Amino acid sequence: MKEILNFINGEFISTGVTFNKYSPINNSIIAKVHAAGKEEVDAAVEAAKSAMKGIWANFTISKRIELLYAVADKIIKRFDEFLHAECADTGKPYQLASTFDIPYSAANFKTFADIVKITPTECFETPTPDGRGAINYSIRRPVGVIGVVCPWNLPLLLLSWKVGPALACGNTVIVKPSEITPQTATLLGEIMNEVGMPKGVYNVVHGSGCNSAGEFVTNHPDIDAITFVGGPQTGSTIMKAAANGVKSVSMEMGGKNPSIIFSDCDFLAAIEGTMRSIYINCGQVCLCTERIYVERPIYDQFVKAMKEKTEALKIGVPENDITDMGPLVSLEHQQKVLSYYQKAKDLGATVVTGGGIPQMPGKLADGAWIEPTLWTGLDDHSVIAREEIFGPCALIQPFDTEEEVINRANDTKYGLACSLWTKDLQKAHRVSTQINAGMIWVNSWFLRDFRTPFGGSKESRIGREGGIHLLDFYTELRNICIKL
Ligand code: NAD
């Protein structure tokens, strides 16, 4: 049986206390994960603190970048190991992980290093009464030890999205991967040693949240800042923990993202884009669409086309080239999504397609499979329109006017992303400026450029990362004033 260890101060640490990692495909046990207790978390924080004061503190930005480039190159070199581990943990199709999760994770170590290297700081000439003047200039310094708490949906991608910039800025990290997807974080520890990353710069502690590694990290007095991706309830708990030491937090949380389909759109492009936005990663991406508003003249045609496309999706095991959708990440999450499928039926929704569990052969029947599902016939007040389900499903509703659809799209506690489909770019801009969300895609969805800000409004998030915005969280500005 595979054993997944903690990675502390450059060493792989077993603890003797293990928990099972189950396959989403068939619910078999695929690994034993060594849970970190308080003692291991203390050791990891101590190592990270020492590295901050020791050799890491003397690394120039160029030297840090050299190491981060080496990390990226090694991930690509050991591509298949990362691919197998990630797909075994999550059940996602190889064709998705091999074109998205793994290459983009490697890229995160390069792109953010490049951004940190080229971003200037400010300098001002300041007049003084004696006429000699002064110069004020700012320097950026690392924040210190960063706690990185990750979710299970894009384990390596979101980890690297945090660890890449944190290390580029000169911080050290304690990563707490999701207990459901522990493998790639530990594998990355091997890479850190191979490239010669100083001990204690990158640490991994395994376990869950409450009274476990997650809580031990986020409550630790010597953690300087916490970056978190996960659900809003957990985010709120972590903020309370961070309040104790007045630590800064960066939070990426859920969404109930709308897609707005105007009747003047490129119909086929809107269908393709919306399909991707609902079903990618089995609907387990915070940016996924779960509410679709279609202008009434094309509503029936849109529902019909989505039904046909959805029914053509191929559900299957990750390694099969033709698999469009794997299982959900766990049986527990399957139960959560199924509970919404039941609620939709109870509320009288029209189930356009799906609504249950697909028939899978043999041992696969024990996995966390789920049918891609579309509903119509519910209003904006139903739980299906209001709560994040985080599964491969969406509610489709008609709309009549621009003002109406803006109000309905904004009528949510979330504000992460929105996509609009129209050929009228004036309308696209007009509507985009009125949508209360951090990211708006027009005639596209999830078309990311790492240089742009990433984040949301309302309960979806605190702060922005991506591009130069990462510097606001991962560094502190110091101003130096020199009297001439
Ligand atoms: P979760 O909030 O349950 O867990 C996230 C992480 O927090 C895990 O590592 C977990 O162990 C840890 N955790 C849980 N309780 C904790 C506690 N009390 N103290 C410290 N750590 C704790 O989320 P999840 O179920 O892993 O992920 C799904 C959720 O994440 C969804 O709501 C989804 O929308 C959200 N998400 C958001 C984004 C984004 O970028 N906005 C990206 C991915 C996922």
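Start your tour by selecting E404 and R408, whose side chains meet in a salt bridge with an N to O distance of 2.6 Å. Keep in mind as you click around that this is a predicted model. Both residues sit in helix α13, and because they are four residues apart there, about one helical turn separates them. Colour the two by accessibility and they part ways: E404 is partly exposed at 23% relative accessibility, whereas R408 is buried at 17%. The cut-off for buried is under 20%.

**Next stop: E402 and R430**

Stay in helix α13, which covers residues 402-410, and pick E402. Its salt-bridge partner is R430, with the closest N and O atoms 2.8 Å apart. R430 belongs to helix α14 (residues 425-434), so this pair ties together parts that are 28 residues apart in sequence. E402 is partly exposed, at 22% relative accessibility, and R430 is partly exposed too, with a relative accessible area of 36%.

**A buried pair: E290 and K256**

Now select E290 and K256, another salt bridge, where the closest N and O atoms are 2.7 Å apart. You will find E290 in strand β14 (residues 289-295), and K256 in the loop between β12 (248-252) and β13 (257-261). Along the chain the two are 34 residues apart. Are these partners buried or exposed? E290 is buried, with a relative accessible area of 3%, and K256 is buried as well, at 1%.

**A network to light up**

For something with more members, select K74, R78, E81, E190 and E194 together: salt bridges link them in a network. A search of the whole structure finds 25 salt bridges.

**Zoom out to the two domains**

Give each domain its own colour. Domain 1 takes in 2-252 + 459-483, and domain 2 is 257-447. Their C-alpha centres lie 31 Å apart. Where they meet, 23 residues of domain 1 are in contact with 31 residues of domain 2. The area buried between the domains is about 2,100 Å², and carbon and sulfur atoms give 65% of that. To see where domain 1 loses the most area to domain 2, show I25, W152 and S460, which together make up 25% of what that side buries.

How many salt bridges are there between domain 1 and domain 2? The count is zero. Polar contacts, on the other hand, join twelve residue pairs across the boundary, counting pairs with both residues at pLDDT 80 or more.

Now show α3 (79-90) and α4 (94-118), each of which supplies at least two residues to the side of domain 1 that touches domain 2. The biggest contribution to that side is from α4, with four residues. Sorted by class, the domain 1 side has eleven nonpolar, eight polar and four charged residues.

**Last picks: H333 and A43**

Select H333 in helix α11 (residues 331-346). H333 counts as buried, at 6% relative accessibility. Beyond its neighbours within four places in sequence, H333 is in contact with W152, Q284, L328, I389 and F390. You have already met W152, one of the domain 1 residues that lose the most area to domain 2.

Finish with A43 in helix α1 (residues 38-53). At 36% relative accessibility, A43 is partly exposed. Draw a line from its C-alpha atom to that of G355, 312 residues away along the chain, and the separation is 47 Å.

Conventions:
Residues numbered from 1 in each chain as written. Predicted model: local features only at pLDDT ≥ 70, side-chain atom pairs only at ≥ 80, totals over all residues. Heavy atoms only, no water. Domains from an automatic or database assignment. Contact = heavy atoms within 4.5 Å. Buried area = accessible area lost by both parts, 1.4 Å probe. Salt bridge = Lys/Arg side-chain N within 4 Å of Asp/Glu carboxyl O. Polar contact = N/O pair within 3.5 Å; in protein donor to acceptor, adjacent residues only side chain to side chain. Nonpolar A, V, L, I, M, F, W, Y, C, P; charged D, E, K, R; others polar. Buried < 20%, exposed > 50% of the residue type's maximum accessible area, 1.4 Å probe, protein only.
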